[in-house]
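Visitor: Please take a close look at one part of this model, the largest pocket, and describe what surrounds it. I would like the account to go from the pocket to the helices and then to individual residues.

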Amino acid sequence: MLRRLVAAAAALVIAAEAVLLVFVHIVLGRTTQNQSMSVAGMDPDVMSAATYAMGAGIGAFLLLCSALLVYAALRDRAPGRFARIVLITAAVTHGLLGALAVGLVGWGAFAAMMLILCLLVLALTLYAAPSRPEADLQELRPTSP
């Protein structure tokens with residue numbers, strides 16, 4: 001029951017983060033487009049398009065993480081290899097962004113990133129990879145010469 005609750009909470013928080021980050025990227029893209037200023041000679045249209053693309057990419061990645069957590073919660077089984085890799089990548093990314101957020105944004109953003117990191121790590125550890133008892137027993141058996 002706890003595993004399902006943690007996975008569902010993590011999925012909900014990550015989906016909300018995806019929506020928020022896409023919105024932030026839309027605002028940043030619009031601002032860049034409306035300013036019509038070049039930074040170091042870059043075209044403002046290219047910068048706004050890149051901002052939109054980054055927002056879409058980050059939103060898609062976070063929604064994939066959320067969908068994988070919902071799937072794990074519905075099945076109440078450990079995520080597969082691909083899902084684990086995606087979720088571990090998201091956890092590492094949140095850890096790094098949390099470290100950067102302290103200096104750039106403040107402690108509130110750091111706390112939010114660490115909350116999401118904790119939910120991801122807790123969901124991954126509660127759904128530990130199933131062990132293979134047969135393989136464990138074979139390792140313990142002495143081999144004959």
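Guide: In this predicted model, the largest pocket holds about 580 Å³ of space. Its lining comprises 22 residues, and those closest to its centre are Glu17, Leu21, Leu97, Ala101 and Met113. Four elements each give two or more residues to that lining: H1, H2, helix H3 (81-104) and helix H4 (107-126). The greatest contribution comes from H1, with 8 residues. Sorted by class, the lining has 18 nonpolar, 3 polar and 1 charged residues.

The chain around the pocket is helical. Its secondary structure comes to 5 helices and 0 strands, and along the sequence the pattern reads α-α-α-α-α. Of the 145 residues in the protein chain, 31% count as buried. Among contacts between residues at least 6 apart in sequence, 66% join residues at least 24 apart. The chain exposes about 9600 Å², and carbon and sulfur atoms supply 71% of that area.

Take H1 next, the element that gives the most to the pocket lining. It covers residues 2-35, and His25 lies in it. His25 counts as buried because its relative accessibility is 15%, and the cut-off for buried is under 20%. Leaving aside neighbours within four places in sequence, the contacts of His25 are Thr51, Tyr52, Met54, Gly55 and Ile58. Ahead of H1 is a segment that includes Met1. Met1 has a relative accessibility of 81%, so it counts as exposed, the cut-off here being over 50%.

H2 is another of the elements that line the pocket. This helix runs over residues 44-75, and its 32 residues should span 46 Å at 1.5 Å a residue; the end C-alpha atoms are 46 Å apart, so the span agrees with the expected value. Two residues of H2 can be followed in detail. One is Ser48, which lies in this helix. With a relative accessibility of 4%, Ser48 counts as buried. Apart from neighbours within four places in sequence, Ser48 is in contact with Gly29, Thr32 and Gln33. The other is Gly59, also placed in H2. At 5% relative accessibility, Gly59 counts as buried. Gly59 touches Ala18 and Val22, with residues up to four places away in sequence not counted. The C-alpha atoms of Gly59 and Ile14 are separated by 9.6 Å, although the two residues are 45 residues apart along the chain.

The chain then leaves H2. Just after this helix, Asp76 takes a positive phi of about 55°; the value is positive in a residue other than glycine. Asp76 sits in the loop between H2 and H3. Its relative accessible area is 24%, so Asp76 is partly exposed, a class that lies between the buried cut-off of 20% and the exposed cut-off of 50%. This loop residue can also be related to the start of the chain: the C-alpha atoms of Asp76 and Met1 are 8.7 Å from each other, with their positions 75 residues apart along the chain.

H3 follows that loop and, like H2, is listed among the elements of the pocket lining. H3 has 24 residues and reaches 34 Å from its first C-alpha to its last, close to the 34 Å expected at 1.5 Å a residue. The buried residues of H3 are Ala83, Arg84, Val86, Leu87, Ala90, Ala91, His94, Gly98 and Ala101. These buried residues pack against H1, H2 and H4. Ala101, one of the buried residues of H3, is also among the lining residues closest to the centre of the largest pocket. After H3 comes Gly106, with a positive phi near 135°.

To return to the pocket: the lining draws two or more residues from each of H1, H2, H3 and H4, and the buried residues of H3 pack against the other three of these helices, H1, H2 and H4. By class, 18 of the lining residues are nonpolar.

Definitions and conventions: Residues numbered from 1 in each chain as written. Predicted model: local features only at pLDDT ≥ 70, side-chain atom pairs only at ≥ 80, totals over all residues. Heavy atoms only, no water. Buried < 20%, exposed > 50% of the residue type's maximum accessible area, 1.4 Å probe, protein only. Contact = heavy atoms within 4.5 Å. Expected span 1.5 Å × (residues − 1). 1 Å grid on protein atoms, 1.4 Å probe; cavity = no way out; pocket = protein on both sides within 12 Å on 5 of 7 lines; lining within 4 Å. Points joined across faces, edges and corners; volume = space filled by probe spheres on them. Nonpolar A, V, L, I, M, F, W, Y, C, P; charged D, E, K, R; others polar. Areas by Shrake-Rupley, 256 points an atom, 1.4 Å probe, with all protein chains shown as cover.
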